[in-house]
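Colleague: I should like to learn how to read a two-chain model feature by feature. May we begin with the general idea in each case and then turn to the example?

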Amino acid sequence: MITGVGVVLTGASGYQSGGSGGYTSIAPNTILGVSLGAGGALNIGLNNPLYFKPGGAGAFTGAYISSATFNNGSFSQVSGAVAFEGIPFGSRYTPSSYLANQFNQNSSLTNVAQLLQSTAQLAQSLVGCSVVVGH
Amino acid sequence: MKKTTRVVLWIVIGLLIIAGFIWWQMWQLGRGLRTIHADNAQEVLLSAMSAEVLAPDVGGDGQQPNTSGPLLDQYRKDPNLTHQRYLLVMTWVHASQIHKTTDWSASNGKMLGSDTLTNVPSESRVDGWHNPFCISVGQKQVVFISSGGNGVPDCSVLQQTAGEAAAASHDARLTRAGKLLVTVQSRSGGTTALEAH
């Protein structure tokens, strides 16, 4: 059984946040999908890739992130692309080992993914339908 | 120095500068990605599960003020509401984790405090507000009671509440019983029978 939640993340104005840690931008009308795949792997996907650029002077390079798969304590796949001043190098929807490697070195991200995976697995036993659409 | 040598030297220097710039940019991006703090994202993502794990009377229906519309718009309007929903979801998650990892066979008919369950990691033994649960173990169901942020509950006076919650339960979603929060989990399959939704 696959359990999935579809959530409308942004409305017409999108979402931007900035600070010393970096700048994050999500396009208007973005939908987040969270599902459990084979073997209980957590799949997270966005219909519009999220853009992240690190903070600090001279940081011109950012990254688009469109989806991630998490299982057994690490990200097995992250799809996205490195971008210079918002212009991506290649497709924003293809797997990137560079992004997966960076994600796996961030304990904050792996902890969140682990918690989300546990929650989805627990919720899977609660919901009786194969696909659940959130609000 | 020949002109050709000078030209080659300048090309090599130019390429080294470009390579250094690219390396510096990738180093900055890598450092940024490795140090993203996902605390706020955790609250937003977990609160997104509220429709699945919370009953309508505790905000699982998304019909309360500021709980409809895009998730990040809700978060921007009222971050405290997102935080409260996150605490409710975490309460359900921890109760479910306790239920899943505990063998209840020796506890039939007992009322326990979750802080006594040493088989469960200490961070999971508490509700979203870090207070222990009162747990009533029945033959078919296990009832988890949280004070909902109102301190450590007095388990000795909650047996009747647990019985009423077990009788009224349709599923394992977190629901309200007065000021308390309750989830009733089935001992047969992890959760009680489900209503289609």
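Modeller: A residue counts as buried if 20 or more other C-beta atoms lie within 10 Å of its own, as exposed if 12 or fewer do, and as partly exposed in between. The model before us is a predicted one. In chain A, buried residues make up 40% of the 135 residues. In chain B, 38% of the 197 residues count as buried.

Colleague: Which elements does chain A have, and in what order do they run?

Modeller: Chain A has two helices and nine strands. From the N terminus on, the order is β-β-β-β-β-β-β-β-α-α-β. The radius of gyration of this chain is 15 Å, close to the 14 Å that the globule rule gives for 135 residues, so chain A is as compact as a globular protein of that length. Its C-alpha trace spans about 50 × 35 × 25 Å along the principal axes. Among contacts in chain A between residues at least 6 apart in sequence, 49% join residues at least 24 apart.

Colleague: Is chain B compact or spread out by the globule rule?

Modeller: Chain B contains six helices and five strands, in the pattern α-α-α-α-α-β-β-β-α-β-β along the sequence. Its radius of gyration is 26 Å, well over the 16 Å that the globule rule gives for 197 residues, so chain B is more spread out than a compact globule. The C-alpha trace of chain B spans about 95 × 40 × 35 Å along its principal axes. The domain assignment divides the chain into domain 1 (1-36) and domain 2 (39-186), and 55 Å separate the centres of these two domains of chain B, taken over C-alpha atoms. Of the contacts in chain B with a separation of 6 or more, 55% are between residues 24 or more positions apart.

Colleague: How many residues of each chain are in contact with the other chain, and which element of chain B gives the most?

Modeller: In this model, 38 residues of chain B are in contact with 39 residues of chain A. On the side of chain B that touches chain A, the elements giving two or more residues are α1 (3-34), α2 (39-47), α3 (50-53), α4 (71-77) and α5 (79-101) of chain B. The most come from α1(B), with nine residues. By class, that side of chain B has 19 nonpolar, 13 polar and six charged residues.

Colleague: Which residues touch the most other members of the largest nonpolar core?

Modeller: The general idea is that, in soluble globular proteins, nonpolar side chains tend to be buried together. Here the largest nonpolar core has 70 residues, and A:A63 and B:V89 touch the most other members. The element that gives the most to this core is α5(B), with nine residues. Leaving aside residues up to four places away in sequence, A:A63 touches A:F52, A:G80, A:A81, A:V82, A:A83 and A:L99, together with B:L29 and B:L33 from chain B.

Colleague: How should one read the two faces of a strand?

Modeller: In a regular strand the side chains alternate between the two faces of the sheet. Strand β4 (residues 31-36) of chain A has A:L32, A:V34 and A:L36 on its covered face, while A:I31, A:G33 and A:S35 are on the uncovered one. A:L36 is buried, with 20 other C-beta atoms within 10 Å. Five bridges pair β4(A) with strand β1 (residues 4-8) of chain A in the antiparallel sense; in that pairing, A:S35 of β4(A) is the bridge partner of A:G4. Five bridges also join β4(A) to strand β5 (residues 42-53) of chain A, again antiparallel, and A:V34 stands opposite A:I44 in β5(A). The hairpin of β4(A) and β5(A) has five residues between the strands, and A:G39 there takes a positive phi near 70°.

Colleague: Where do the non-glycine residues A:N29 and B:H130, with their positive phi, lie?

Modeller: Most residues other than glycine have a negative phi. A:N29 is not a glycine, yet its phi is positive, at about 55°. A:N29 lies in the loop between β3 (22-26) and β4 of chain A, and counts as partly exposed with 15 C-beta neighbours inside 10 Å. B:H130 is likewise not a glycine and has a positive phi of about 70°. B:H130 is placed in the loop between β1 (111-113) and β2 (134-137) of chain B, where, with 13 other C-beta atoms within 10 Å, B:H130 is partly exposed.

Conventions
Residues are numbered from 1 along each chain as its sequence is written. Chains are lettered from A and ligands numbered from 1 in the order in which they are written. This is a predicted model: local features need pLDDT of at least 70, side-chain atom pairs count only at pLDDT 80 or more; totals for chains, interfaces and linings use all residues. Two residues are in contact if their C-beta atoms, placed from the backbone, lie within 7 Å. Helices (H or I, at least four residues) and strands (E, at least two) are DSSP runs, numbered from the N terminus. Ala, Val, Leu, Ile, Met, Phe, Trp, Tyr, Cys and Pro count as nonpolar, Asp, Glu, Lys and Arg as charged, and the others, Gly among them, as polar. A nonpolar core is a set of buried Ala, Val, Leu, Ile, Met, Phe, Trp, Tyr and Cys residues joined through C-beta atoms within 7 Å. Two strands pair if DSSP finds at least two bridges between them. The radius of gyration is taken over C-alpha atoms; the globule rule is 2.2 Å times the number of residues to the power 0.38. Domain bounds come from an automatic or database domain assignment.
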